[in-house]
Amino acid sequence: MHNFRLNIVFMQIANNKIEELRTLLQTPKNIVILSHTNPDGDAIGSSLAWAEILKSKGHIATCVVPNKYPYYLDFMPNTSSMLFYKDDTEGRVKSALKSADIIFCLDFHTMTRLDGLGDIIDENQHAKRVLIDHHLDPNDDFDLMISYPEASSTCYLVALLIEALYGTEAITKSMAENIFVGMMTDTGNFAFSTITADVFRIVSVLAATGIEIPTIHNHVYNSFSEGRARLFGYVINRKMKIFHNGTVAYMSLTSDELKRFWFQQGDSEGFVNYPLTIKKMKISAMFTEHTDHIRVSLRSRGNIDVNVFAQRYFNGGGHKNAAGGKSFMSMEETLKHFEASIKEYSREGNI
Ligand code: 5GP
Ligand code: MN
């Protein structure tokens, strides 16, 4: 355990990758920065900070995501410049992608996380594709892969890249605010085992730009709707099922239930973490009904690997302790499938 932490403390992006990136960015380029469906703080923060530094160096940079981020991230600097493929009636996403010399893919590891947007990217065969990400098992169809699953967030990687390419003095207050949001949200407010001494070195660099950490914290964690608070009470009290000797919990929300609580996208974010506040709990799952699928969110404690579980049983993936996927069965069948999958996974000694 001790050695493992030391390795992470000295995590460095390989020099040859930095130099390849530097060469790629030597002359002004048309750049598109893409991130994943249902973008979270890390997806939005890393994209916006990366776009800002690239623009300041003379590039044209456009941030694109498949759909909108949750309403409580509206405060983040420069969000108004983002394009949402789902709402793009004027073809701006298509034309940005068509003329791109470089496509950066941030905070995701497989094109399946882009929904329909993946096909449009394939129409541009001349653009260089660069991955900047911290998920396990990335696809390998990139010209340059900056993939570090040991990094606690993509925002942290973006900060290290800016530092290596241009020095920490290039980080402005607005970049710092965006980077901080992703670092904070992907580490559960700096609590997960992925944090390292170097994470706090970067936080110190960000803090020195004058960002107001308590204000950012309030925006992210204390700016929800009344419906969300009531939905949370409902799902924990009425919907949480515990089985497997009190070590596995799951909750589900159907579209009818979501409507009853004036659900807005992002309102159920974080609910899945709550059952893990119970001492005995090892795995927590959340199932949320969408129009054509059920979204699956998984969390685990310690050595239990929900990334592998999500890949095997729910067409998904992610990280060892936080993963997700999709189910195309009914809610009832999905929950049955979950219980059976847990039993099988446990029989193999994984829980
Ligand atoms: P969340 O439960 O917060 O939506 O997702 C937790 C983690 O699981 C995220 O970091 C994300 O990378 C991963 N994840 C969520 N949904 C999917 C999915 O449908 N496919 C894959 N491959 N990963 C997912
Ligand atoms: Mn992330």
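These legends accompany close-up views of a predicted model.

**View 1. The shell of residues around ligand 1.**
Welcome to the surroundings of ligand 1, where 15 residues make up the shell and His-135, Arg-295, Ser-297, Arg-299 and Gly-324 come nearest. By residue class, the shell holds 9 polar, 4 charged and 2 nonpolar members. Three strands each supply at least two of the shell residues: E10 (294-300), E11 (317-318) and E12 (322-327). Of the elements that contribute, E12 gives the most, with 4 residues.

**View 2. Polar contacts to ligand 1.**
Here we look at individual atoms of ligand 1 and their partners in the protein. The side chain of Ser-297 places a polar atom 2.4 Å from an oxygen atom of the ligand. His-135 also takes part through its side chain, with an N or O atom 2.6 Å from a ligand oxygen. Gly-317 contributes through its backbone instead, where an N or O atom sits 3.2 Å from a nitrogen atom of ligand 1. How much of ligand 1 does the protein bury? Taken alone, the ligand exposes 500 Å², and 86% of that is buried by the protein.

**View 3. The manganese ion (ligand 2) and its protein donors.**
Four side chains are worth finding in this view: Asp-42 (OD), Asp-107 (OD), His-134 (NE2) and Asp-186 (OD) are the protein donors of the manganese ion, at 2.1 to 2.3 Å from it. If you follow these donors along the chain, their spacing reads D-x64-D-x26-H-x51-D. Asp-42 and His-134 link distant parts of the chain, being 92 residues apart. Asp-42 belongs to helix H3 (residues 41-56), while His-134 is found in the loop between strand E5 (128-133) and strand E6 (144-147). Are these two residues buried or exposed? Both Asp-42 and His-134 are buried.

**View 4. A salt bridge within helix H8.**
The whole structure contains 13 salt bridges, and this view shows the one between the side chains of Asp-198 and Arg-201, with N and O 2.6 Å apart. Both residues lie in helix H8 (residues 197-207), and because they are 3 residues apart there, about one helical turn separates them. The two partners differ in how they are covered: Asp-198 is buried, with a relative accessible area of 11%, whereas Arg-201 counts as partly exposed at 34%. Look for Glu-163 as well, since a network of salt bridges links Glu-163, Asp-198 and Arg-201.

**View 5. Arg-312 and its two glutamate partners.**
This last view is built around Arg-312, which forms a salt bridge with Glu-344 (3.3 Å, N to O). Glu-344 lies in helix H13 (residues 331-347) and Arg-312 in helix H12 (residues 306-314), so their pairing ties together parts of the chain 32 residues apart in sequence. Glu-344 is partly exposed, at 31% relative accessibility, and Arg-312 is likewise partly exposed, at 39%. Which other residue forms a salt bridge with Arg-312? The partner is Glu-348, and the closest N and O atoms of this pair are 2.9 Å apart. Glu-348 is in the segment after H13, and its pairing with Arg-312 in helix H12 links distant parts of the chain, 36 residues apart. With a relative accessible area of 45%, Glu-348 is partly exposed.

Note on methods
Residues numbered from 1 in each chain as written. Chains lettered and ligands numbered in written order. Predicted model: local features only at pLDDT ≥ 70, side-chain atom pairs only at ≥ 80, totals over all residues. Heavy atoms only, no water. Near = heavy atom within 4 Å. Polar contact = N/O pair within 3.5 Å; in protein donor to acceptor, adjacent residues only side chain to side chain. Areas by Shrake-Rupley, 256 points an atom, 1.4 Å probe, with all protein chains shown as cover. Nonpolar A, V, L, I, M, F, W, Y, C, P; charged D, E, K, R; others polar. Donors = N, O, S within 2.8 Å, 3.2 Å for Na, K, Ca; no water. Buried < 20%, exposed > 50% of the residue type's maximum accessible area, 1.4 Å probe, protein only. Salt bridge = Lys/Arg side-chain N within 4 Å of Asp/Glu carboxyl O.
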